[in-house]
Amino acid sequence: MAKQSSAAAANRPRNRKQSFWYRENTVGYVFILPFIISFLCLTLIPMGLSLYYSFCDYKIGSVPKWLGLQNYLTLFTDSVFLKSIAVTFQYVLIGVPLKLIFALLIAMLLTKPTKLQGVYRAIYYVPSLVGGSVAVALVWKQLFGSRGPVVTFIKTVLGVTGFNFFGSTKWAFLPLVICNAWQFGSSMLIFASGLKQIPKDYYEAAEIDGAGKFRRFISITLPSLSPIILFNLVMQLISGFMTFTQAQIITNGGPNYATNYISLFIFTEGFTYQHMGYACAASWVILVIMVAITAVIFKTSKAWVFYASDDQ
């Protein structure tokens, strides 16, 4: 009897701990349940369906017809799709570095102590809030249109006659790149917070050793910001591959598919031509390309990204 009571007493705290553990886990699962449901319903299940439809001849509201790899084989012989890949890479390779350079330069200016520093940051961040809207795209279309102020300046001041951004396959992408670079607010704020974390002792020691401003920027600022540059680079690459609003509103992919970026190609195939299976296949191809590029960036980052823990 005594042995049984002592055994029960020994087990009682353990049961209490287990009950507490289960209760705490239950509360945690209840709190993350909205995320789990939204992730399943809005991300995981749609991705699974998209992958399945990419192997089918499918129109919205119809029964999918299995085609196997036919959609993927057709994509790589489709000149419009290949042109879309090429112009998207052109947009990303020019637009993303330009955006990051602007963001870093403005961040360096705004980290200098001034009374209106917060106001300046808010003003520079506004384009990132409204830059992807249809209204701004329409304004941009008027600015760079054949009768807009930018083209008028080029014709009257520079003396270039007959110039038209949106009528030239060579220059139609430039207004879209500038519009993208104009939306540097989010990257700027991240760079500004990173600049504040760099110890001032580094700059003081370099200045005592006779290093100029450019040398301090190359040897101290850029290496110290390299983790943030990596983050901004990856995020802006993803954003660049998904650009849609400006291309659809300003140029509608023209002229001659010069701005028919991959997201616009997918939208047109899926919703205009009702080739939803074909559009899903294009989506998965561009996803694989983005994953491959991101993997290469992370793989090579060991050579140019420096962390504080590396010095220890």
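Trainee: Is F39 buried or exposed, and how do I read that?

Mentor: Use relative accessibility. Buried means under 20%, exposed means over 50%, and partly exposed lies in between. This is a predicted model. In it, F39 has 35% relative accessibility, so F39 counts as partly exposed. F35 reaches 57%, and therefore counts as exposed.

Trainee: How are F35 and F39 placed along helix α1?

Mentor: Start with the general idea. An α-helix has 3.6 residues a turn, so residues three or four places apart point the same way. Now the case here. F35 and F39 are 4 residues apart in helix α1, residues 2-53, which means about one helical turn separates them.

Trainee: What kind of aromatic pair do F35 and F39 form?

Mentor: Look at the angle between the ring planes. Planes under 30 degrees apart count as stacked. For F35 and F39 the angle is 20°, with 6.0 Å centre to centre, and the pair is stacked.

Trainee: And which class fits Y52 and Y53?

Mentor: Their planes lie at 55°, so this pair is tilted. The ring centres are 5.8 Å apart. Accessibility separates the two residues. Y52 is at 40% and counts as partly exposed. Y53 is at 19% and counts as buried.

Trainee: Which aromatic cluster holds Y52 and Y53?

Mentor: One made of Y52, Y53, F55, Y58, W66 and Y72.

Trainee: How many aromatic pairs does the whole structure have?

Mentor: A search of the whole structure gives 17.

Trainee: Now helices. How many residues of α7 are buried?

Mentor: Count residue by residue. In α7, residues 173-182, 7 of 10 are buried, and the helix is mostly covered. The buried set is F173, P175, L176, V177, C179, N180 and A181.

Trainee: What covers those buried residues of α7?

Mentor: The cover includes α3 (79-110), α5 (134-143) and α11 (245-251).

Trainee: How do the axes of α12 and α13 cross?

Mentor: Read distance and angle together. The axes of α12 (residues 262-272) and α13 (residues 276-300) come within 7 Å and cross at roughly 160°. Angles over 145 degrees count as roughly antiparallel. So α12 is roughly antiparallel to α13. The crossing is left-handed.

Trainee: Which residues make the contact between α12 and α13?

Mentor: From α12 come I262, F265, I266, E269, G270 and F271. From α13 come M276, Y278, A279, A282, S283 and I286.

Trainee: How do the contact residues divide by character?

Mentor: There are 9 nonpolar, 2 polar and 1 charged.

Methods. Residues numbered from 1 in each chain as written. Predicted model: local features only at pLDDT ≥ 70, side-chain atom pairs only at ≥ 80, totals over all residues. Heavy atoms only, no water. Axes fitted to C-alpha atoms, helices over the stretch in contact; angles between N-to-C directions. Helix = DSSP H or I, 4+ residues; strand = E, 2+ residues; numbered from the N terminus. Parallel < 35°, antiparallel > 145°, perpendicular 65-115°, else oblique. Left-handed = near helix turned anticlockwise from the far one by under 90°. Contact = heavy atoms within 4.5 Å. Nonpolar A, V, L, I, M, F, W, Y, C, P; charged D, E, K, R; others polar. Phe/Tyr/Trp six-rings, centres within 6.5 Å; stacked < 30°, edge-to-face > 60°. Buried < 20%, exposed > 50% of the residue type's maximum accessible area, 1.4 Å probe, protein only.
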